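Open your viewer, switch on a cartoon view and keep the selection box handy. We will walk from the outside of the fold to its inside, one selection at a time.

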Amino acid sequence: MNAITRKINFEKTYYYLIMLFAFTMPLSRASISLLVILLPITWLIEGDFKRKLKDIQNNQTLLSFLIFIVITSLSFFWTQNHEEASRPLRMLLYLSSTFVIATSLDKKYVNRVISAFLAGMFISEIIAYGVFFEIWQFKHATPSNPSPFMFHIDYSVFMAFTSILLLNRMFSPKYGIKEKLFFSMFFMTVTGNLFLATGRTGQVALILAIVVMSVIHFRLSIKSILISILLILVIYATAYNVSNSFKTRSQMAINDIENILNLDFNNSWGIRAAYWITTFNIIKENPFGVGIGDYKDATELELERKKYNGLVSAETKIFMADSHPHNQYLLIVLQSGFIGLLSFFYFIYRFVKLKIDDVELKELSILFITIFLVSFLAEPLLIKQFTVSLFALFIGLFISIST
């Protein structure tokens, strides 16, 4: 075995596997599934565990991430619904790719991997526009919701991150006029696609990301405030007047808020608000969580209490009892309690504090986590194949630069 492994160029192997991972991520579930198996297998075959474990031990961000995963996994031992626990446990395996990338990818390849991801998004975008303009049909995508490979909420997160990545490059002094012209065109098409689709999660996340980007470049000043307001007004006013989908969904959001104020939770945003109430009541009695697989059962039991009659309909109760809480933070606290949530926030803190010498990549790391932190409020992205893979890839990339 040692004779065989000595003949393998592991540096190049990791490079090609991770490049393929990044490129195919917006395009193929099958490829993601294959690569999240191949990456850990390659890592194990290579060996050199003393060095790798030392890298993990000496990197506070990786160590805090490992602690969060361990705490979440341990909640399996007090869960009753082992069948339901299999899905979130499987998604935790996807996060193992983070450790492979962080400890094995040479930092000189990071920008190439990001370019591979952008190439994959470009192909995905061409397919989406083809569906929108009815040039062709593709899988389950429709002109009213041109998301070719993944659920529209997940796709909106991908597009929001791609948009802010390109917008940040447009503000960077690192690139010339020709490059910025290309980034501008790409930005307009990606952002246009974001508002043609029906995923409001990425649309909302992009707002805060634009504000954060403006503060990064111009500090907290009149200039950063004006630039933020101008960019947001131009992008969102244009989307409102051009995209019927965005206009309709915006009006639906306003109606949902009005209904919530009238204590009617039987709508998209109302259900999300109801999950906050049920989770608060569940966690009061279960401060260590109900286990990784029991969050649906606990919600169903909570909804059976008479105090919810009149607030949520029978149909809404059925939906809530058979679904996740549409919020990553609520899901974490339901599964592993306040300890799990605190461990996750500690990981976020360590990630934000990462020392990255490359200015643009440090900026991008902050913008990336901003997109996810906002999106986590609307969807538990770490139990969904596409978004957990996106999270694992870029967390690993940014940590690899800091090690």
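**Stop 1: the surface**

This is a predicted model, so take the tour with that in mind. Begin by selecting I207, L208, V211, V215, L220, I222, I225, L226, I229 and L233, and show them as a surface: together they make a nonpolar patch with about 890 Å² of accessible area. Helix 11 (200-218) and helix 12 (222-242) are the elements that each give two or more residues to this patch. Helix 12 contributes the most, five residues.

Now zoom in on V215, which sits in helix 11. Its relative accessibility is 31%, and because that falls between the cut-offs of 20% and 50%, V215 is classed as partly exposed.

**Stop 2: the largest pocket**

Next, turn to the largest pocket, whose volume is about 570 Å³. To find its centre, select T201, S268, W269, R272 and A378, the closest to that point among the 27 lining residues. Then colour helix 9, helix 11, helix 13 (244-261), helix 14 (268-285) and helix 18 (359-375), since each of these gives two or more residues to the lining. Which helix gives the most to the lining of this pocket? Helix 14 does, with six residues.

**Stop 3: a network of charges**

Keep R272 selected and add D154, E379 and K384: these four residues are linked in a network of salt bridges. Side chains of opposite charge can pair when their charged atoms come close.

Take R272 and E379 as one pair, with their closest N and O atoms 3.5 Å apart. R272 belongs to helix 14 and E379 to the loop between helix 18 and helix 19, so this salt bridge ties together parts that lie 107 residues apart in sequence. Are these two residues buried or exposed? Both R272 and E379 are buried.

Then look at K384 and D154, where the closest N and O atoms of the salt bridge are 2.9 Å apart. This pair links distant parts of the chain, with K384 in the loop between helix 18 and helix 19 (385-402) and D154 in helix 9, 230 residues apart. K384 has a relative accessible area of 11% and is therefore buried; D154, at 3%, is buried too.

For another salt bridge, one of 14 in the structure, select E302 and R305, whose closest N and O atoms are 3.5 Å apart. Here E302 is buried at 3% relative accessibility, whereas R305 is partly exposed at 33%.

**Stop 4: helix 9**

Go back to D154 and extend the selection to residues 152-171, the whole of helix 9. This helix is mostly covered, with 18 of its 20 residues buried. You can try a quick check with the distance tool: at 1.5 Å a residue the helix should span 28 Å, and its end C-alpha atoms are 29 Å apart, which agrees.

**Stop 5: the largest cavity**

Finish inside the protein. A search of the whole structure finds two cavities of 30 Å³ or more, and the largest has a volume of about 90 Å³. Show F68, T72, P88, L92, L95, I292, Q328, I332, Q335, L382 and I383 as sticks to see what lines this largest cavity. Helix 5 (60-74), helix 6 (82-94) and helix 17 (328-352) each supply at least two of the lining residues. Helix 17 provides the largest share, three residues.

Definitions and conventions
Residues are numbered from 1 along each chain as its sequence is written. This is a predicted model: local features need pLDDT of at least 70, side-chain atom pairs count only at pLDDT 80 or more; totals for chains, interfaces and linings use all residues. Side-chain values use heavy atoms; hydrogens and water are left out. Helices (H or I, at least four residues) and strands (E, at least two) are DSSP runs, numbered from the N terminus. The expected span of a helix is 1.5 Å times one less than its number of residues. Buried means under 20% relative accessible area, exposed over 50%, partly exposed in between (1.4 Å probe, protein chains only). Patches are made of residues with over 30% relative accessible area and no salt bridge: like charges are joined within 9 Å, nonpolar side chains (Val, Leu, Ile, Met, Phe, Trp, Tyr) within 5 Å. Accessible areas come from the Shrake-Rupley method with a 1.4 Å probe; for residues, only the protein chains shown count as cover. A salt bridge is a side-chain nitrogen of Lys or Arg within 4 Å of a carboxyl oxygen of Asp or Glu. On a 1 Å grid over the protein atoms alone, a cavity is a set of points where a 1.4 Å probe fits but cannot get out, and a pocket is an open set with protein on both sides within 12 Å along at least five of seven lines; lining residues have an atom within 4 Å of a point. Grid points are joined across faces, edges and corners, and a volume is the space filled by probe spheres set on the points.
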